[in-house]
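I opened the model with a short list of things to look up. My notes follow, in the order I made them.

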Amino acid sequence: MARVVVDVMLKPEILDPQGQAVQRALPRLGFEGISDVRQGKRFELEVDGPVDEAALARIHDLAESFLANTVIEDFTVRVEEVSEAVK
């Protein structure tokens, strides 16, 4: 079994009010030196069988059509190692 991670983030030109709220709260909470925060989503997909080019292409299509709103969001797809201790 393999894990494929899809990270979805707002495009840089899109206003991120949640990220801005977090960034403004950080100094009040004692966290200095953070100049920007962008909020996003992470999807972890457990894939049965090998993660070959065909599987990655299907997951890319899934992310493009279902997980991300590509008008305002960018996404990345990557394979993540899953250790036996984590399972």
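These entries cover the sheet, its middle strand, the core and one arginine.

**Ground rules.** I am working with a predicted model, where local features need pLDDT of at least 70, side-chain atom pairs count only at pLDDT 80 or more, and totals for chains, interfaces and linings use all residues. I number residues from 1 along each chain as its sequence is written, and side-chain values use heavy atoms, with hydrogens and water left out.

**The sheet.** In which order do the three strands lie? I read β2-β1-β3, an open sheet with antiparallel pairing. Strands (E, at least two residues) and helices (H or I, at least four) are DSSP runs, numbered from the N terminus. Two strands pair if DSSP finds at least two bridges between them. β2 (40-47) and β3 (73-80) are at the edges. Each has a single partner strand, so one side of each lacks a neighbour in the sheet. I noted an average turn of 20 degrees between neighbouring strands, direction ignored. Axes are lines fitted to C-alpha atoms, for helices over the stretch in contact, and angles run from 0 to 180 degrees between N-to-C directions.

**Bridges.** I found eight bridges between β1 and β2. β1 and β3 also pair over eight bridges. Valine 8 has phenylalanine 75 in β3 as its bridge partner. Methionine 9 is matched with aspartate 74 in β3. On the β2 side, alanine 2 stands opposite valine 47.

**Middle strand.** How many of the nine residues of β1 are buried? Seven are, so β1 is largely enclosed by the rest of the structure. Buried means under 20% relative accessible area, exposed over 50%, partly exposed in between (1.4 Å probe, protein chains only).

**Helix and core.** α2 lies across β1, β2 and β3, at about 150 degrees to β3. I then listed the largest nonpolar core (buried Ala, Val, Leu, Ile, Met, Phe, Trp, Tyr and Cys residues joined through side-chain atoms within 4.5 Å). It has nine residues, among them Val4, Ile59, Leu67 and Phe75. β1 (2-10) and α2 (53-67) each supply at least two of them. Alanine 63 is in contact (heavy atoms within 4.5 Å) with Val6, Ala68, Phe75 and Val77, leaving aside neighbours within four places in sequence.

**Arginine 3.** Is arginine 3 buried or exposed? It counts as buried, at 14% relative accessibility. Arginine 3 sits in strand β1. Its side chain makes a polar contact of 2.9 Å with the side chain of glutamate 46. A polar contact is a pair of N or O atoms within 3.5 Å; within protein, one must be able to donate a hydrogen and the other to accept it, and residues adjacent in sequence count only if both atoms are side-chain atoms.
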